[in-house]
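Good morning, and thank you for coming. I would ask you to look at the structure on the screen while I take you through it.

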Amino acid sequence: VHRLIADATPVVADDLIAGLDLAGRAPAQRPYTIVNFATSADGRATVDGRSGGLGDEGDHEIFRALRGAADAVMAGPGTLSAERYGRMIKDPDRRRLRERRGLAPEPIAVTVTRSGHVATDIPLFAEPEARVVVFSAAPIDLGGAAAQVQTVRAEPEALTMSWVMAQLRADHDVRLLLCEGGPSVFAALLRERLVDELFLTVAAKLAAGEGPGITAGPALPEPANLTLEWALQSDQSLYLRYAVRN
Ligand SMILES: NC(=O)c1ccc[n+]([C@@H]2O[C@H](COP(=O)([O-])OP(=O)(O)OC[C@H]3O[C@@H](n4cnc5c(N)ncnc54)[C@H](OP(=O)(O)O)[C@@H]3O)[C@@H](O)[C@H]2O)c1
């Protein structure tokens with residue numbers, strides 16, 4: 001056991017994350033896959049049903065930096081509707097920065113549904129410049145969405161996360177996939193051993209209540225082991241980066 005010695009040198013999350021070249025680590029058959037979550041100190045991933053109450057400015061900085069580097073952002077239907085997703089990168093300066101780095105102005109938004117129930121009344125689907133890919137085992141009513149939506153259909157038994165990953169890499173050239181949850185989708189990726197890294201904000205808050213943790217559903221056959229890659233701090237929150245030892 002040892003005490004972490006605070007290095008008070010400020011870091012810029014954007015530079016730190018862009019400098020990792022995470023996309024360059026993608027294997028041939030799937031994207032390099034990172035997951036970003038916030039948790040309260042007592043392990044809750046929501047306050048009043050949403051994650052917003054757990055994020056502070058440092059969390060937002062990392063959130064923006066990760067989106068800034070990703071080719072695609074995956075969120076489950078539960079998260080899309082609870083968080084009312086909008087366009088991926090709202091700030092035009094940040095879209096231009098991505099282009100200077102050789103990326104599309106915005107990451108593709110990706111979701112996966114077996115039931116076909118995706119809330120299309122969220123701002124994301126009303127944004128004409130948004131590119132959205134929906135992997136679905138059932139027909140989807142897009143309800144006149146203005147966004148550029150591609151629906152990829154699969155038989156229910158074929159709709160695995162591994163298959164989704166292979167499609168994203170082969171058909172959409174996704175090298176870095178950022179999964180923003182929710183707990184059910186994160187656990188599904190873990191079960192198929194598809195997660196390379198976890199970025200975890202530990203908010204200096206206690207929430208109690210019945211909110212979920214950062215994973216949900218059946219236990220993994222055995223716990224996934226993590227390696228701590230870094231620990232950052234601002235105000236009272238911690239921002240941890242773990243590699244998942246698959
Ligand atoms: N603290 C944070 O950082 C954070 C981050 C994200 C979300 N959240 C919170 O988490 C909550 C939503 O989480 P959630 O777990 O209910 O929803 P979710 O993980 O966003 O979406 C769950 C849905 O994903 C679909 N899905 C497709 N393939 C799946 C598979 N193999 N396994 C499991 N699900 C699969 C299912 O939809 P079908 O039923 O259509 O098949 C399932 O109902 C919200 O309250 C949100 O605010 C917190």
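**The ligand and its surroundings**

The ligand sits in the largest pocket. Please keep in mind throughout that this is a predicted model.

Let us begin with the neighbours of the ligand. How many residues surround the ligand, and which are the closest? There are 25 of them, and the closest are Thr 79, Glu 83, Thr 113, Ser 115 and Ser 184. By class, this shell is made up of 10 nonpolar, 11 polar and 4 charged residues.

Which elements of the chain supply at least two residues of the shell each? They are strand 1, helix 3, which covers residues 77-82, strand 3, which covers 108-113, and helix 6.

We can now turn to individual atoms. In Thr 79, an N or O atom of the side chain is 2.6 Å from an oxygen atom of the ligand. Thr 113 also has a polar side-chain atom close to the ligand, at 2.5 Å from an oxygen atom. With Gly 78, the atom in question belongs to the backbone: an N or O atom there lies 3.3 Å from an oxygen atom of the ligand. Taken on its own, the ligand has 930 Å² of accessible area, and the protein covers 80% of it.

**Backbone features**

I now move from the ligand to the backbone. Where in the chain do we find a cis peptide bond? The bond from Gly 181 to Gly 182 is cis, and its omega angle is near 5°. Gly 182 belongs to the loop between strand 6, residues 176-179, and helix 6, residues 183-191. Helix 6 is also one of the elements that each supply at least two residues of the ligand shell.

Two aspartates deserve attention for their phi angles. Asp 21 is not a glycine, yet its phi is positive, near 50°. This residue is in the loop between helix 1, residues 13-18, and strand 1, residues 32-40. Asp 48 likewise is not a glycine and has a positive phi, of about 55°. Its place is the loop between strand 1 and helix 2, the latter covering 57-69.

Are these two residues buried or exposed? Asp 21 has a relative accessible area of 47%, so it counts as partly exposed. For Asp 48 the value is 79%, and this residue is therefore exposed, since the cut-off for that class is over 50%.

**Further residues along the chain**

Asp 235 is located in the loop between strand 8, residues 225-234, and strand 9, residues 237-245. Its relative accessibility is 59%, so it counts as exposed. How far is its C-alpha atom from that of Gly 58? The two atoms are separated by 8.2 Å, although these positions lie 177 residues apart along the chain.

Finally, I would like to show you two buried residues. Asp 14 is part of helix 1. Asp 14 counts as buried because its relative accessibility is 12%, and the cut-off is under 20%. Its side chain makes a polar contact of 3.0 Å with the side chain of Arg 94.

Ser 40 is in strand 1, an element that we met around the ligand. With a relative accessibility of 2%, Ser 40 is therefore buried as well. The side chains of Ser 40 and Asp 42 are joined by a polar contact of 2.5 Å.

Thank you for your attention.

Definitions and conventions:
Residues are numbered from 1 along each chain as its sequence is written. This is a predicted model: local features need pLDDT of at least 70, side-chain atom pairs count only at pLDDT 80 or more; totals for chains, interfaces and linings use all residues. Side-chain values use heavy atoms; hydrogens and water are left out. Helices (H or I, at least four residues) and strands (E, at least two) are DSSP runs, numbered from the N terminus. Buried means under 20% relative accessible area, exposed over 50%, partly exposed in between (1.4 Å probe, protein chains only). A residue is near a molecule or strand if one of its heavy atoms lies within 4 Å of it. A polar contact is a pair of N or O atoms within 3.5 Å; within protein, one must be able to donate a hydrogen and the other to accept it, and residues adjacent in sequence count only if both atoms are side-chain atoms. Accessible areas come from the Shrake-Rupley method with a 1.4 Å probe; for residues, only the protein chains shown count as cover. On a 1 Å grid over the protein atoms alone, a cavity is a set of points where a 1.4 Å probe fits but cannot get out, and a pocket is an open set with protein on both sides within 12 Å along at least five of seven lines; lining residues have an atom within 4 Å of a point. A molecule sits in a cavity or pocket if more than half of its atoms lie within 2 Å of its grid points. Ala, Val, Leu, Ile, Met, Phe, Trp, Tyr, Cys and Pro count as nonpolar, Asp, Glu, Lys and Arg as charged, and the others, Gly among them, as polar.
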